[in-house]
Amino acid sequence: PRRHDRPHPGRALSRAYARAMPTTDAERRTVDGLVVVDKPTGWTSHDVVAKLRGVYGQRRIGHAGTLDPDATGVLLVGLGRATRLLRFLQEAGKEYEGRVAFGVATDTLDAAGTVLERAEMPVTAADLDGVLDRFRGDIHQVPPMVSAIKVGGRRLHELARAGTEVERAPRPVHISRLEVLDLEPGPFPVATIRVACSSGTYIRTLAADLGAALGGCAHLAALRRTRVGSFTLDEARPLDAVVADPRAATLDLVTMVRDLPTETVDEATAIAVRHGSVFPAGTFAAATDGQPVAVVGDGALLAVYERRGAGIKPVVVVAGSAG
């Protein structure tokens, strides 16, 4: 069946969500924190956010880094004041495991699309190893038409649904690791690859480009995100586990920004931080130009600061009167 004709996966959890809904005034208080979700297939990232909004009984929820509906794996969801910190996770490096099917091209570059071309392509492991270096390091990718990038004020996926294809400028990305974990041989071989890359890298584009580099075509048959920054599948919880115990699934704000340099301050400095004060350069040893620094006092995240010229200024204040 077509995707929109399938029963929505969330219906199976509706009773569990109802049981998890806050019922007392104390439970309805806003939760500030991070939930590392292992997104199931068939769910959009927006679906996950909408369901967790119901679980936690609050509207202030967002995510860092969209996963396609058919993709699974690490999705970072911020609650309450944590939504103001999601920007520091958006640009974190990511890691994926994907299955690349050779010999078949689709209009979306993945398995959800319509097949455009099909021709036997019995590539070998040696063939594949011979082209991998072209895609390691700093490269340029043409964004797929199904991406959320805007061209002329409209998102590409909106134009694609309307049957319009527009020219897209290549965008720089960085792939720090690209390796083949397995290759299923045959006239239409399938390779399992592991990719560590910068934010903004399209794995479906990488799959199609690998096919082109080998003189044929390919598409991304499956994708699982295994890491965002230092948050891996080991910390990710399935949705039903979050529903069963929302509080146990919530990480605090200090943990949320653990990938940033940290500056621990005394109470006098903490008071100034809570008010969004600007400090002279050199006040925080961890602060360097352009590098966000998590400022912590008494074990709690107070703010994120950044050195700009001669001063260290607040980017986000999450505690005290400025929060």
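A charge is said to sit over a ring if NZ of Lys or CZ of Arg is within 6 Å of the ring centre and within 35 degrees of the ring normal. In this predicted model, Arg 118 fits the bill, lying over the face of Phe 188 at 4.2 Å from the ring centre. Arg 258 does much the same kind of thing with Phe 231: its charged end sits over the ring, 4.0 Å from the centre.

Rings also meet other rings here. A pair of aromatic rings is described by the distance of the centres and the angle of the planes. The structure holds three aromatic pairs. One of them joins Phe 279 to Phe 284, with 5.2 Å from centre to centre and 45° between the planes, which makes the pair tilted. Both partners are tucked away from the surface: Phe 279 counts as buried because its relative accessibility is 12%, and Phe 284 counts as buried because its value is 4%. Phe 279 also pairs with Tyr 305, and this pair is tilted too, at 5.7 Å centre to centre and 55° between the planes. Since Phe 279 belongs to strand S16 (residues 279–280) and Tyr 305 to strand S18 (residues 300–308), the pair ties together parts that are 26 residues apart in sequence. Tyr 305 is buried, just as Phe 279 is. Put together, Phe 279, Phe 284 and Tyr 305 make up one aromatic cluster.

Strand S18 is also home to Leu 301. With a relative accessible area of 6%, Leu 301 falls under the 20% cut-off and is therefore buried. Leaving aside residues up to four places away in sequence, Leu 301 touches Leu 85, Leu 253, Val 254, Val 257, Ala 294, Val 295, Val 296, Val 318 and Ala 319. As for Thr 264, its C-alpha is 9.3 Å from that of Leu 301 in space, while the two residues are 37 apart in sequence.

Next comes helix H6 (residues 203–213). Eight of its 11 residues are buried, so the helix is largely enclosed by the rest of the structure. The buried ones are Ile 203, Arg 204, Thr 205, Leu 206, Ala 207, Ala 208, Leu 210 and Gly 211. What do the buried residues of H6 pack against? Their neighbours are helix H4 (125–132) and a set of strands: S4 (94–102), S7 (137–141), S10 (171–184), S11 (190–197) and S12 (218–228). After H6 comes Gly 215, which has a positive phi near 85°.

Strand S11 deserves its own look. Eight of its eight residues are buried, so this strand, too, is largely enclosed by the rest of the structure. In a regular strand the side chains alternate between the two faces of the sheet. In S11, Val 190, Thr 192, Arg 194 and Ala 196 point one way, while Ala 191, Ile 193, Val 195 and Cys 197 point the other way, and all are buried.

S11 has pairing partners as well. It pairs with S4 in the antiparallel sense over eight bridges, and Arg 99 stands opposite Thr 192 of S11. S10 and S11 are likewise antiparallel, with eight bridges, and here Leu 178 stands opposite Val 195. S10 and S11 form a hairpin with five residues between the strands, where Gly 186 takes a positive phi near 140°.

Methods. Residues are numbered from 1 along each chain as its sequence is written. This is a predicted model: local features need pLDDT of at least 70, side-chain atom pairs count only at pLDDT 80 or more; totals for chains, interfaces and linings use all residues. Side-chain values use heavy atoms; hydrogens and water are left out. Rings of Phe, Tyr and Trp (its six-membered ring) pair if their centres lie within 6.5 Å; planes under 30 degrees apart count as stacked, over 60 as edge-to-face and the rest as tilted. Buried means under 20% relative accessible area, exposed over 50%, partly exposed in between (1.4 Å probe, protein chains only). Helices (H or I, at least four residues) and strands (E, at least two) are DSSP runs, numbered from the N terminus. Contact means heavy atoms within 4.5 Å. Two strands pair if DSSP finds at least two bridges between them.
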